[in-house]
Amino acid sequence: MRAGEERPAAAPAAAGRSGRTRVHVVSDVHGNAEALARAGDGADALICLGDLVLFLDYADHSRGIFPDLFGVENADRIVALRTARRYEEARDFGRELWAGLDRNAAILGAVRKQYAEMFAAMPNPTYATYGNVDVPTLWPEYAGPGTTVLDGQRVEIGGRVFGFVGGGLKTPMNTPFEISDEEYAAKLEAVGEVDVLCTHIPPEVPELVYDTVARRFERGSRALLDAIRRTRPRYALFGHVHQPLARRMRIGTTECVNVGHFASTGRPWALEW
């Protein structure tokens, strides 16, 4: 199966060429609603691979839910602890900050505000799946009729079959939508053979999961790697790792592409056939 040939997202729209389809793909939006509103320009559809919420911007510690609640100085400290992999200390520090506050209410209120802005910015049509920092139970409240949410499901776009698997795997970070390896593998099995496999996290390949700025290996999926080898989609698209050692590589006949940290670049990745 062949999904088509990629072209730079900056290329002009394929207007007037009958039978051509162009999709733009983004991931790790993390609050960048302004760029998201333009992400579908010139495309027949937008694909979003999750992480709409911005809890804490590791590049700019003044942005996100955490600094809004606790200030930049505390954000600096918790980023330093996490970057040093001192996760227990980071959790203890977080518990001190949250003491006496209704954590769930504060976070959900902030997430709702961000979701209202993010989903309002999505063009029609948009096909979206969850990231590990997303809260899936809230999405039905904000996804409009032009946004199709998929997880462990398939959809046809321009005659090609796209499969979607959302969420992340269990980590010490304990982000909102982390699931077991078994549940993740079951969703991949449900998707089956597709032309383009769309996930939030990458396959478990060192070059694809290592973040060169955070200086750590993020969690990729072994089951995803096995599915790519077994079903051989033309493309495997993902995000999650903001500054990967390798942004793309070929696994067998499959082109694996990290579509980028959209919050930072504001540029979608494009696929046309």
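Which strands does helix H7 lie across? Hi everyone, let's start there. Helix H7 (residues 181–191) lies across E6, strand E7 (160–165) and E10, and runs at about 165° to E7. For the angle, axes are lines fitted to C-alpha atoms, for helices over the stretch in contact, and angles go from 0 to 180 degrees between N-to-C directions; contact means heavy atoms within 4.5 Å. The helices (H or I, at least four residues) and strands (E, at least two) are DSSP runs, numbered from the N terminus.

A quick word on the model. It is predicted, so local features need pLDDT of at least 70 and side-chain atom pairs count only at pLDDT 80 or more, while totals for chains, interfaces and linings use all residues. Residues are numbered from 1 along each chain as its sequence is written, and side-chain values use heavy atoms, with hydrogens and water left out.

Now the sheet under H7. Its 6 strands form an open sheet with mixed pairing, in the order E6-E7-E10-E13-E15-E14; two strands pair if DSSP finds at least two bridges between them. Strand E6 (153–157) and strand E14 (248–251) are at the edges with a single partner strand each, so one side of each has no neighbour in the sheet. From one strand to the next, the twist averages 20°. Inside the sheet, E10 (residues 196–199) runs parallel to E13 (residues 235–238), joined by 3 bridges, and Leu-197 has Ala-236 as its bridge partner in E13.

Leu-197 also lines the largest cavity, together with Leu-188, Gly-192, Ala-227, Arg-230 and Thr-231. Helix H9 (residues 222–231) gives the most to that lining, with 3 residues. A cavity here is a set of points, on a 1 Å grid over the protein atoms alone, where a 1.4 Å probe fits but cannot get out; lining residues have an atom within 4 Å of a point. The largest cavity holds about 40 Å³ of space.

Next, strand E3 (residues 45–48). Which of its faces are covered? Both: Ala-45 and Ile-47 on one side, and Leu-46 and Cys-48 on the other, are all buried, meaning under 20% relative accessible area with a 1.4 Å probe, protein chains only. E3 runs parallel to strand E2 (residues 22–26), with 4 bridges, and also parallel to strand E4 (residues 126–128), with 3 bridges.

Last, Ile-65, in helix H2 (residues 65–70). Ile-65 counts as buried because its relative accessibility is 3%. Leaving aside residues up to four places away in sequence, Ile-65 touches several residues, including Val-53, Phe-55 and Ile-107.

Terms used. 1 Å grid on protein atoms, 1.4 Å probe; cavity = no way out; pocket = protein on both sides within 12 Å on 5 of 7 lines; lining within 4 Å. Points joined across faces, edges and corners; volume = space filled by probe spheres on them. Buried < 20%, exposed > 50% of the residue type's maximum accessible area, 1.4 Å probe, protein only.
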